[in-house]
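Please look over the model shown here. The report below takes up a sheet, its helices, the cysteines and the charged pairs.

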Amino acid sequence: MQVGARKMVVLGTGGTIAGTASDGADNIGYKAGQVGVQQLLGAVPGLARVAGGELVAEQVAQLDSKDMDFGVWLRLAQRCQAHLADPQVQGIVITHGTDTLEETAWFLRLVLEASKPVVLTCAMRPATALAPDGPQNLLDAFAVAATPGARGVVAVAAGVLHGAAQVRKVHPYRVDAFDSGDAGPLGWVEEGRVRLARDWPDAAAVYPGALAWLAEPAAAWPRVEVVMSHAGASGRLVDLLVADGIDGLAVAATGNGTLHQDLEAALLRAQAAGVRVRVTSRCALGRVLPRPGDALVADEAGLGAVKLRVSLLLELLAARKG
């Protein structure tokens with residue numbers, strides 16, 4: 001417990017957890033981001049008791065997370081940063097859509113000094129469902145945020161606690177749609193109590209100056225795209241992206257970082273032209289083990305392509321700042 005902490009902050013961004021459908025039995029034909037965060041909180045009995053103090057709610061955005069963009073990321077990170085600096089705030093809960101939760105979590109992990117918990121939560125069923133999962137996920141998120149000693153950027157869904165580096169969506173509609181790959185979950189929330197499998201994640205920002213860089217009036221986010229190696233892959237898309245002024249490419253390679261020969265040739269041309277190229281595996285588990293003499297840099301952290309793209313965005317921003 002943070003000394004003097006009396007507040008729990010909730011930042012709403014929309015998502016399925018705030019979605020509505022005309023029929024309570026419809027769990028896929030809903031519209032995301034319709035219910036305000038204050039209304040979401042009011043619909044969960046016992047939330048204030050679990051939070052253990054004053055609840056402060058802010059609507060940062062109201063969108064389907066498939067449409068998440070850099071502007072929302074920046075506003076969300078700035079609000080997190082401001083609340084983390086408040087000695088009365090014990091923790092932050094973020095309501096988010098499931099589709100890009102792993103990317104937002106990783107972005108926040110890279111830019112925030114999170115000595116207090118920043119907990120993302122979500123739902124796979126809309127708020128109007130006959131059996132919505134959002135209320136329980138909210139209760140669990142508050143239980144995590146109120147846990148003494150909690151820190152870092154984490155996510156909680158279906159009673160499972162994930163670190164930002166490991167969390168990933170692995171199922172399109174199942175309630176327990178997330179896992180943490182080889183590492184396994186950070187822990188579990190059981191009847192309002194957290195049981196850890198390993199220690200809380202590192203709280204230090206990887207790029208502590210990034211929010212200041214991005215808030216500058218003339219700041220422009222680098223252009224980084226994801227490409228994948230597959231049977232019959234060509235280098236045409238890469239060549240077109242380079243001609244269009246791309247800054248970076250996150251590559252989902254086959255196996256242990258292997259690439260179709262035509263795609264590899266195009267990526268080498270891109271790298272020679274100044275485009276920053278990083279390679280990961282498209283495999284669901286494991287990580288790339290680099291080989292001596294590899295011409296393209298492999299991601300050894302086991303990030304998937306979408307998180308590798310976020311890392312590359314921040315890497316390019318840091319390089320601009322020298």
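## The sheet and its helices

An open sheet is built from 4 strands in the order 11-12-13-14, with parallel pairing. Strand 11 (224–228) and strand 14 (297–298) are the edge strands, each pairing on one side only. Two strands count as paired if DSSP finds at least two bridges between them. Strands here are DSSP runs (E, at least two residues) and helices are runs of H or I with at least four residues, numbered from the N terminus.

This is a predicted model, in which local features need pLDDT of at least 70 and side-chain atom pairs count only at pLDDT 80 or more, while totals for chains, interfaces and linings use all residues. Residues are numbered from 1 along each chain as its sequence is written, and side-chain values use heavy atoms, with hydrogens and water left out.

Strand 12 (residues 248–253) runs parallel to strand 13 (residues 276–281), and 6 bridges join them. Within this pair, valine 251 stands opposite valine 279 of strand 13.

Two helices pack on the sheet. Helix 7 (residues 236–243) touches strand 11 and strand 12. The direction of helix 7 makes about 170° with that of strand 11. Helix 8 (residues 261–272) touches strand 11, strand 12 and strand 13. Its direction makes about 160° with that of strand 12. Contact means heavy atoms within 4.5 Å. Axes are lines fitted to C-alpha atoms, for helices over the stretch in contact, and angles run from 0 to 180 degrees between N-to-C directions.

UniProt, in an unreviewed entry, lists residues 223–293 as "domain: Asparaginase/glutaminase C-terminal". Such annotations may be inferred rather than shown by experiment; positions follow the numbering used here, and feature names are shortened. The end C-alpha atoms of residues 223–293 lie 28 Å apart. The span is 28% helix and 24% strand.

## Cysteines

The structure holds 0 disulfides (a disulfide is a pair of cysteine sulfur atoms within 2.5 Å). Why does cysteine 80 form no bond with cysteine 122? The sulfur of cysteine 122 is the closest cysteine sulfur, but at 16 Å it is too far. Cysteine 80 is buried, at 0% relative accessible area. Cysteine 283 is partly exposed, at 41%. Buried means under 20% relative accessible area, exposed over 50%, and partly exposed in between (1.4 Å probe, protein chains only).

## Salt bridges

Side chains of opposite charge can pair when their charged atoms come close. A salt bridge here is a side-chain nitrogen of Lys or Arg within 4 Å of a carboxyl oxygen of Asp or Glu. The count comes to 13 salt bridges. The table gives some of them.

| Basic residue | Acidic residue | Closest N to O |
|---|---|---|
| Lysine 169 | Aspartate 99 | 2.8 Å |
| Arginine 168 | Aspartate 179 | 2.5 Å |
| Arginine 174 | Aspartate 176 | 2.9 Å |

Lysine 169 lies in strand 7 (residues 168–169) and aspartate 99 in the loop between strand 3 (89–95) and helix 4 (101–111), so their salt bridge ties together parts 70 residues apart in sequence. Lysine 169 is partly exposed at 22%. Aspartate 99 is partly exposed at 39%.

Aspartate 179 lies in strand 8 (residues 178–179) and arginine 168 in strand 7, so this pair ties together parts 11 residues apart in sequence. Aspartate 179 is partly exposed at 26%, whereas arginine 168 is buried at 16%.

In the remaining tabulated pair, arginine 174 is partly exposed at 38%. Aspartate 176 is partly exposed at 39%. Separately, a network of salt bridges links Arg276, Arg278 and Glu315.
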